[in-house]
Amino acid sequence: MLKPDELRIGNYLRRKHSDSIVQVEPYMLTYTELINYEPVTLTPDRLNDLGFIKMGLEMSGCEVWSVPDSHWRVARSYRDENCYKLWHTQVSPPTWRLAEFNYLHELQNIIFSLTKREIKL
């Protein structure tokens, strides 16, 4: 279940029993309102829709996407296709697993915390 303290205004959520994706508004940040929404699961197509660029390289059995205009990368393991990981290309040794996430709002919050930029659909 979603919790208000996991969300920021502007995060994307899916309306339950619908394909409709909405952005969080202030009135939605209550438990009684959040029962009408669920997290948006990340997928390769969703990353592409967000403007992430799929890299030709594979690292340790993972698909890799570049976060636009940054040195941050998102990787998805072929072994656990529902788990995404964040790493940075300019840190040595490579920072693998700085964060793990499954949902769009989690990725939005991590990227915002690190870069102060919003991810938009």
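Student: Let's start with Lys116: is this residue buried or exposed?

Tutor: This is a predicted model, so every value here is computed from it. A residue counts as exposed when its relative accessible area is over 50%. Lys116 comes out at 60%, so Lys116 is exposed.

Student: Where does Lys116 sit along the chain?

Tutor: Look past helix α3, which covers 104–115. Lys116 is in the segment that follows that helix.

Student: What is there to notice about the phi of Lys116?

Tutor: The general idea comes first. Most residues other than glycine have a negative phi. Now the case here: phi of Lys116 is near 60°, a positive value in a residue that is not glycine. His17 is another case, with its phi near 60° and therefore positive in a non-glycine residue.

Student: Where do I find His17, and is it buried or exposed?

Tutor: Go to the loop that links β1 (12–15) with β2 (21–23). His17 has a relative accessibility of 83%, so it counts as exposed.

Student: Let's turn to a strand residue. Where is Tyr37, and is it buried or exposed?

Tutor: For burial, the cut-off is a relative accessible area under 20%. Tyr37 has 4%, so it is buried. Tyr37 belongs to strand β3, residues 37–39.

Student: Which residues does Tyr37 touch, apart from its sequence neighbours?

Tutor: Setting aside residues within four places in sequence, Tyr37 contacts Leu2, Leu13, Arg14, Arg15, Lys16, Val22, Tyr27 and Met28. Take Arg14 from that list: Tyr37 and Arg14 are 23 residues apart in sequence, yet their C-alpha atoms are 5.6 Å apart in space. Arg15 is worth a look too, as its side chain makes a polar contact with the side chain of Tyr37 at 3.1 Å.

Student: And Glu63? Is that residue buried or exposed?

Tutor: Apply the cut-off for burial again. Glu63 has 7% relative accessibility, so it counts as buried. You'll find Glu63 in strand β5, residues 62–66.

Student: Which side chains make polar contacts with the side chain of Glu63?

Tutor: One is Lys54, at 2.7 Å from side chain to side chain. Arg76 also makes a polar contact through its side chain, at 2.4 Å. If you widen the view to contacts of any kind, still leaving out neighbours within four places in sequence, Glu63 touches Pro44, Lys54, Val74, Ala75, Arg76 and Tyr78.

Student: Let's zoom out. How many helices and strands does the chain have?

Tutor: Count three helices and eight strands. Walking along the sequence, their order is β-β-α-β-α-β-β-β-β-β-α. The radius of gyration is 15 Å, close to the 14 Å that the globule rule gives for 121 residues, so the chain is as compact as a globular protein of that length. The C-alpha trace spans about 45 × 25 × 20 Å along its principal axes.

Student: What about burial and contacts across the whole chain?

Tutor: Of the 121 residues, 40% count as buried. For contacts, take pairs at least 6 apart in sequence: 38% of these join residues at least 24 apart.

Student: And what do the surface and the charges look like?

Tutor: The accessible surface comes to about 6,900 Å², and 50% of that belongs to carbon and sulfur atoms. For charge, the chain has 15 positive and 16 negative ones, and their mean positions are 3 Å apart.

How values were computed:
Residues are numbered from 1 along each chain as its sequence is written. This is a predicted model: local features need pLDDT of at least 70, side-chain atom pairs count only at pLDDT 80 or more; totals for chains, interfaces and linings use all residues. Side-chain values use heavy atoms; hydrogens and water are left out. Helices (H or I, at least four residues) and strands (E, at least two) are DSSP runs, numbered from the N terminus. Buried means under 20% relative accessible area, exposed over 50%, partly exposed in between (1.4 Å probe, protein chains only). A polar contact is a pair of N or O atoms within 3.5 Å; within protein, one must be able to donate a hydrogen and the other to accept it, and residues adjacent in sequence count only if both atoms are side-chain atoms. Contact means heavy atoms within 4.5 Å. The radius of gyration is taken over C-alpha atoms; the globule rule is 2.2 Å times the number of residues to the power 0.38. Accessible areas come from the Shrake-Rupley method with a 1.4 Å probe; for residues, only the protein chains shown count as cover. Lys and Arg count as positive and Asp and Glu as negative; His and the chain ends are not counted. The place of a charge is taken as NZ of Lys, CZ of Arg, CG of Asp or CD of Glu.
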